[in-house]
Amino acid sequence: MASIMNAGGLPSDQPGYSFSNASAPSESSGPRQHAFNPYTDNGGSTLGVTGADFAILAGDTRSTSGYNINTRYAPKLFRIGDDGDSSSRIVLSVVGFAADGNALKERLDAIVKMYKYQHGKPMSVKACAQRLSTILYQKRFFPYYVHAILGGLDDDGKGALYSYDPVGSYEREQCRAAGAAASLIMPFLDNQVNYKNQYIPASGTGHELQPRAIESLPKEDVIGLVKDAFTSATERHIEVGDGLQMLIITKDGIEEIYTPLKRD
Amino acid sequence: MNHYPQAWGRPRDDVYGPYDNSYFQASAPQTHTQSPAVTGTSVLGVKFKDGVVIAADNLASYGSLARFTDVKRLRTFPPNTVIGFGGDVSDMQYLDRLLQSLDIRENYLSSYGHVLNAKNLHTYLSKVLYKRRSDFNPLWNMLLVAGLDDDDKPFLASADLLGTTFSSPTLATGFGAHLAQPLLRKLMPHDEDSVKDVTKEMAVEAIKACMKVLFYRDARSLDKYSIAVVTKDGVELKEDQKLEDQSWAFADQIRGYGTQVN
Amino acid sequence: MFRNNYDNDSVTFSPQGRIFQVEYAQEAVKQGSVVVGVVSKKHVVLTAVKRNAEELSSYQKKIVGVDDHLGVALAGLASDARVLSNFMKQQSLSSKMTYGRPIPVERIVNMIGDRAQSNTQHYGKRPYGVGLLVAGVDDLGPHLFEFSPSGLTQEMLACAIGARSQMARTYLERHLEEFADSSRDELIKHALLALKESLAQDKELTVDNTSLAIIGVGEKNGRKKLENFKLYDGQDIAPLLEANVESTLADDADGEAMETDL
């Protein structure tokens with residue numbers, strides 16, 4: 001409509017009218033000196049490992065701002081959909097920007113509680129994992145700056161673990177390390193849980209060498225691995241330390257274990 | 001009137017001059033605070049067995065200018081919560097108004113029972129701060145909330161302009177995080193387990209010592225400060241404390257201090 | 001023929017000062033099956049008789065858990081109740097999120113009261129056709145509220161609404177003095193007996209048609225501790241029926257057994 005009315009333009013010999021819509025210079029153009037940065041990194045590390053009938057999630061309890069330690073006890077592990085009657089079988093761990101982590105946890109928790117209220121049964125880990133992905137992706141252009149790991153038991157009672165990137169890509173895995181010391185812990189887990197680079201001695205030469213077969217580890221062994229992973233990460237990474245919180249999910253409930261780590 | 005309908009109702013250039021389109025331009029992006037203006041420095045807080053001690057000095061700086069020297073940065077919320085504000089003073093005053101209207105609303109809804117304790121207020125304030133940072137319109141503050149939790153146990157937690165929250169038996173914002181926090185942590189060798197061994201006197205003394213260290217070393221600090229002790233019985237707030245027992249004896253040995261300029 | 005001119009909408013008063021649509025809505029409550037609520041110093045109990053529309057259908061849901069500390073029992077239009085209980089669930093979650101505190105019972109009751117009232121003041125709206133008994137526990141202890149379509153809410157010591165509820169109310173009035181100091185089990189007994197009173201002659205309380213929920217204030221380490229909302233439904237309610245109302249049933253069973261022997 002407007003294009004029809006404007007066709008031909010106004011004759012120049014008549015009294016003029018200003019129709020120029022050339023945009024006025026806006027305030028936001030030009031370089032900005034000091035912009036507000038809505039993110040920070042609160043350090044710390046998390047990890048998750050699954051077994052045949054359990055899942056373990058772990059995280060250190062240190063919270064940092066740069067070289068400062070904010071507090072020595074700020075848990076990164078949360079029971080999701082917990083009504084205070086220990087019915088929950090899902091655990092979320094978040095590491096990265098703690099404020100986003102908390103907001104994410106609260107949203108997922110509210111959704112899982114509403115699901116139980118509306119359907120009269122608890123949400124499965126699989127469904128919860130998919131929902132967490134959509135929550136993260138909904139903020140694709142202003143992401144929750146966190147690396148999340150979700151753990152629980154699947155419909156067959158097997159340990160289930162899902163890991164996420166900040167914008168919602170996710171994958172079910174056997175084990176995953178995240179956060180500041182992820183690059184220190186993950187190779188250790190690859191070797192000790194998935195037996196990467198382990199071969200059966202004298203099973204052949206060169207490419208004939210047989211890799212060691214993966215087996216699902218007993219709970220006690222995994223607890224040992226997790227503690228070793230964190231004591232070692234504490235030695236090598238300044239943002240990791242103070243305390244280790246482990247949540248072990250089995251069909252009987254969620255067991256919590258706290259072990260002190262070095263505080264330096 | 002001419003036969004160009006698109007010209008009808010608009011001012012004629014030969015009568016009114018060329019139309020200033022900039023008034024018509026509603027599309028300039030909304031801008032927000034990108035930096036704080038008048039600011040307060042550190043806030044310190046320590047738990048002890050029956051409650052929490054919290055302190056902040058009375059200075060509000062404008063950059064490096066000591067602009068206002070009588071600004072109370074501890075605000076109380078009935079019946080027994082104290083909030084200490086660091087960072088932008090106008091944002092502090094906004095939050096203070098927000099808390100006052102919250103208090104009025106709470107009292108209107110029920111005049112008896114159902115009080116908001118320090119933990120409730122900390123949750124609320126952290127949501128306000130997180131919402132504002134998510135709108136890219138932050139409230140430029142670091143704050144400490146001191147009081148009691150649901151079980152009447154000492155509560156001390158911090159919240160900042162990003163919505164980050166954490167709790168610890170000793171807390172300090174700003175410069176205090178570097179200078180005071182290590183000193184305060186000496187009181188709590190076993191963190192939360194040590195709180196029961198700390199008396200009110202120990203906590204007050206530690207805070208006063210730290211305020212002095214901060215006055216010595218933090219250029220945006222003042223020797224006049226507010227200190228509050230929060231317990232189950234209420235808030236004991238003193239707003240015009242002077243730092244005691246300062247020692248500047250070293251100064252006359254050093255060139256450049258005091259009257260000795262050369 | 002007489003025609004009522006003042007019941008076409010819920011915003012017009014009759015010359016006698018009545019709003020007929022609201023009164024009709026209250027009739028809908030009386031059509032619903034009976035629900036009973038009783039409160040003591042430590043607990044609050046809701047019980048209900050569920051109906052099934054036909055032999056082949058399932059039984060109604062009469063008691064809804066809104067939160068750990070809050071539940072409602074309904075009489076009237078179940079779908080209207082669902083709207084209200086969903087709203088209550090949202091408000092309850094929102095209070096936990098913004099302040100980290102369970103919403104006080106009186107406040108959430110006022111909220112649904114306000115919603116119901118606004119339906120009676122906007123043209124084109126319809127009053128809720130449901131009555132609720134809201135049970136909850138907060139800092140001030142256990143509470144029982146009655147909510148009716150007019151938006152009227154009041155706190156009750158004991159209450160019964162729905163079809164034939166007068167019989168239950170008579171029972172409650174007769175035993176009013178006993179409720180305050182009743183134990184958990186005694187309170188459940190009173191609630192079930194009151195419910196039984198209002199049954200039709202040929203009806204009995206069974207595992208299929210009875211629901212019961214309880215919330216309470218317990219104690220842990222000398223501190224008040226919430227006993228979460230607990231719903232007894234289906235087979236879960238069998239032991240409660242056995243302990244409290246089967247005694248009369250057992251007599252009947254004996255009688256029947258003798259008859260069959262003959």
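Helices (H or I, at least four residues) and strands (E, at least two) are DSSP runs, numbered from the N terminus. This is a predicted model, in which local features need pLDDT of at least 70 and side-chain atom pairs count only at pLDDT 80 or more, while totals for chains, interfaces and linings use all residues. Residues are numbered from 1 along each chain as its sequence is written, chains are lettered from A in the order in which they are written, and side-chain values use heavy atoms, without hydrogens and water.

**Exercise 1. Find the backbone features in two loops of chain B.**

Step 1. Go to the loop between α3 (118–134) and β8 of chain B; Phe136(B) lies there. Phe136(B) is not a glycine, yet its phi is positive, about 55°.

Step 2. Move to the loop between β6 (74–77) and β7 (81–88) of chain B, the place of Pro79(B). The peptide bond from Pro78(B) to Pro79(B) is cis, with omega near 0°.

**Exercise 2. Describe the contact between chain C and chain B.**

Step 1. Count residues in contact (heavy atoms within 4.5 Å). Chain C supplies eleven and chain B supplies 18.

Step 2. Take the area. The size of an interface is often given as the accessible area lost when the parts come together. Here the buried area (accessible area, 1.4 Å probe, lost by two parts on being put together, summed over both) is about 1,300 Å². Carbon and sulfur atoms give 47% of that area.

Step 3. List the salt bridges (a side-chain nitrogen of Lys or Arg within 4 Å of a carboxyl oxygen of Asp or Glu). There are three between chain C and chain B. Glu106(B) forms a salt bridge with Arg107(C); the closest N and O atoms are 3.0 Å apart.

Step 4. Look at the chain C side that touches chain B. Helix α2 (residues 78–99) of chain C gives the largest share, three residues. By class, this side has four nonpolar, two polar and five charged residues. Ala, Val, Leu, Ile, Met, Phe, Trp, Tyr, Cys and Pro count as nonpolar, Asp, Glu, Lys and Arg as charged, and the others, Gly among them, as polar.

**Exercise 3. Characterise the largest cavity and the second largest pocket.**

Step 1. Fix the terms. On a 1 Å grid over the protein atoms alone, a cavity is a set of points where a 1.4 Å probe fits but cannot get out; a pocket is an open set with protein on both sides within 12 Å along at least five of seven lines; lining residues have an atom within 4 Å of a point. A volume is the space filled by probe spheres set on the points.

Step 2. Search the whole structure: one cavity of 30 Å³ or more turns up. The largest cavity has a volume of about 50 Å³. Its lining includes Thr41(B), Asp57(B) and Phe215(B). α6(B) gives the most to that lining, with three residues.

Step 3. Turn to the second largest pocket, about 390 Å³ in volume. It is lined by 21 residues; Asn68(A) and Met142(B) are among those nearest its centre. β4(A) gives the most to this lining, with three residues. By class, the lining has nine nonpolar, eleven polar and one charged residues.
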